[in-house]
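Here is a walk through one protein model, from a single residue out to the whole chain. Keep the structure open as you read.

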Amino acid sequence: MIRLRQVMPYLGIALFVLVFALPVVWMVGAAFEDPARAGRGFLPTAPTLDNIRAVLADGFLVRLKNTAIVAFGATLLSLAAGFLAAYALARFRFPKRLDILFLLLVLVVKLMPPIVVALPLHALLLDLGLLGSLSGLVLVYQLYTLPFCLWMLLGFVREVPVEIEAAAAIDGAGLGRRLWHIVLPLALPGLVATLIFALILCWNEFLFALLYLQRPSRFTLPLYVATFITEDETLWGRLMAIGLLSSLPVLLVAGYIQKHLLRGFAHQAK
């Protein structure tokens, strides 16, 4: 006879999955529901592709391209800078706990409300001629992606044994070769995890895009979503269609990276 203690963990997991799956099921159902009835139930009563066709015809792919450029550009830039900064903090000795002071400063910048620096960043982008451009938004996103990457990568870099680097240095390997052939491969799981989380942060960012992008042709997906919420109505069908389509690229990237990362680990273990 099955005891209640044995069943309870599985019931808890099932309840957890159900709670988090319901919004996804509702989104998918509304995306394929008739526009006049979208959002009224979990499953579409009359499945249709009208919402998908409408957002594709309205310039969804252009906004998707803008979002991909900004998100991947900001993520890769912050990963590169964060990795080098994490290595410096993990390997070099700074006087009088300067490293702790630097990390506290980074944490303060990370916790600071973005609206506080909105006006100075606006003036800076205006002086650089980058106001309203996607490249300017990539630089602005470093304000919170770079501290996030630094804090996450610092722990992974510190776990790389110093003895391996010391042995490579004795054999004549310079700093660049040690970073590329030793530290980077050993810290790869941390880089992948950081990349996924930073990509999601940039993909969903709304405030800075709202403040610094004026042309509708350069809107990112969060700004594009806001255009379907008006004083008169909310177009739930198109909103859910955009939510469904915009979540697929991030899921595909995360699945692709993790799949190949696990394959690499399995190959090294043989």
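Start with Thr67, which sits in helix α3. The model is a predicted one, so treat every value here as computed. Is Thr67 buried or exposed? Its relative accessible area is 2%. Buried means under 20%, so Thr67 counts as buried. Which residues does Thr67 touch, once neighbours within four places in sequence are set aside? They are Trp203, Thr220 and Leu221.

Stay with helix α3 and go to its last residue. The helix covers residues 60-91, and Arg91 lies in it. Arg91 forms a salt bridge with Glu165. The closest N and O atoms of that pair are 2.6 Å apart. Glu165 belongs to helix α7, residues 162-170. The two residues are 74 apart in sequence, so their salt bridge ties together distant parts of the chain's numbering, helix α3 and helix α7. Arg91 is buried, with a relative accessible area of 18%. That value falls below the 20% cut-off for buried residues. Glu165 is buried too, at 5%.

Glu165 has a second partner. Its side chain meets that of Arg178 in a salt bridge, at 3.4 Å from N to O. Where is Arg178? It lies in helix α8, residues 175-186. Glu165 is in helix α7, so this pair ties together parts that are 13 residues apart in sequence. Both Glu165 and Arg178 are buried. Put the two pairs together and you have a network of salt bridges that links Arg91, Glu165 and Arg178.

How many salt bridges does a search of the whole structure find? It finds three. One of them joins the side chains of Asp50 and Arg53, with 3.3 Å from N to O. Here both residues sit in one helix, α2, which runs over residues 50-57. Asp50 and Arg53 are three residues apart, so about one helical turn separates them. Asp50 is partly exposed, at 36% relative accessible area.

Now look at the surface. A nonpolar patch is formed there by Ile13, Leu15, Phe16, Val17, Leu18, Val19, Phe20 and Leu22. Together these residues have about 820 Å² of accessible area. Leu15 is one of them. It is found in helix α1, residues 4-31. Leu15 has 53% relative accessibility. Exposed means over 50%, so Leu15 counts as exposed.

Step back to the whole protein. What does its secondary structure come to? It has twelve helices and zero strands. Read along the sequence, the pattern is α-α-α-α-α-α-α-α-α-α-α-α. The C-alpha trace spans about 70 × 70 × 30 Å along its principal axes. Of the 270 residues, 36% are buried.

Contacts across the sequence can be counted too. Take those between residues at least 6 apart in sequence: 73% of them join residues at least 24 apart. The accessible surface of the protein is about 16,500 Å². Carbon and sulfur atoms account for 71% of that surface. Charge comes last. The protein has 21 positive and 14 negative charges. The mean positions of the two sets lie 10 Å apart.

Definitions and conventions:
Residues are numbered from 1 along each chain as its sequence is written. This is a predicted model: local features need pLDDT of at least 70, side-chain atom pairs count only at pLDDT 80 or more; totals for chains, interfaces and linings use all residues. Side-chain values use heavy atoms; hydrogens and water are left out. Helices (H or I, at least four residues) and strands (E, at least two) are DSSP runs, numbered from the N terminus. Buried means under 20% relative accessible area, exposed over 50%, partly exposed in between (1.4 Å probe, protein chains only). Contact means heavy atoms within 4.5 Å. Accessible areas come from the Shrake-Rupley method with a 1.4 Å probe; for residues, only the protein chains shown count as cover. Lys and Arg count as positive and Asp and Glu as negative; His and the chain ends are not counted. The place of a charge is taken as NZ of Lys, CZ of Arg, CG of Asp or CD of Glu. A salt bridge is a side-chain nitrogen of Lys or Arg within 4 Å of a carboxyl oxygen of Asp or Glu. Patches are made of residues with over 30% relative accessible area and no salt bridge: like charges are joined within 9 Å, nonpolar side chains (Val, Leu, Ile, Met, Phe, Trp, Tyr) within 5 Å.
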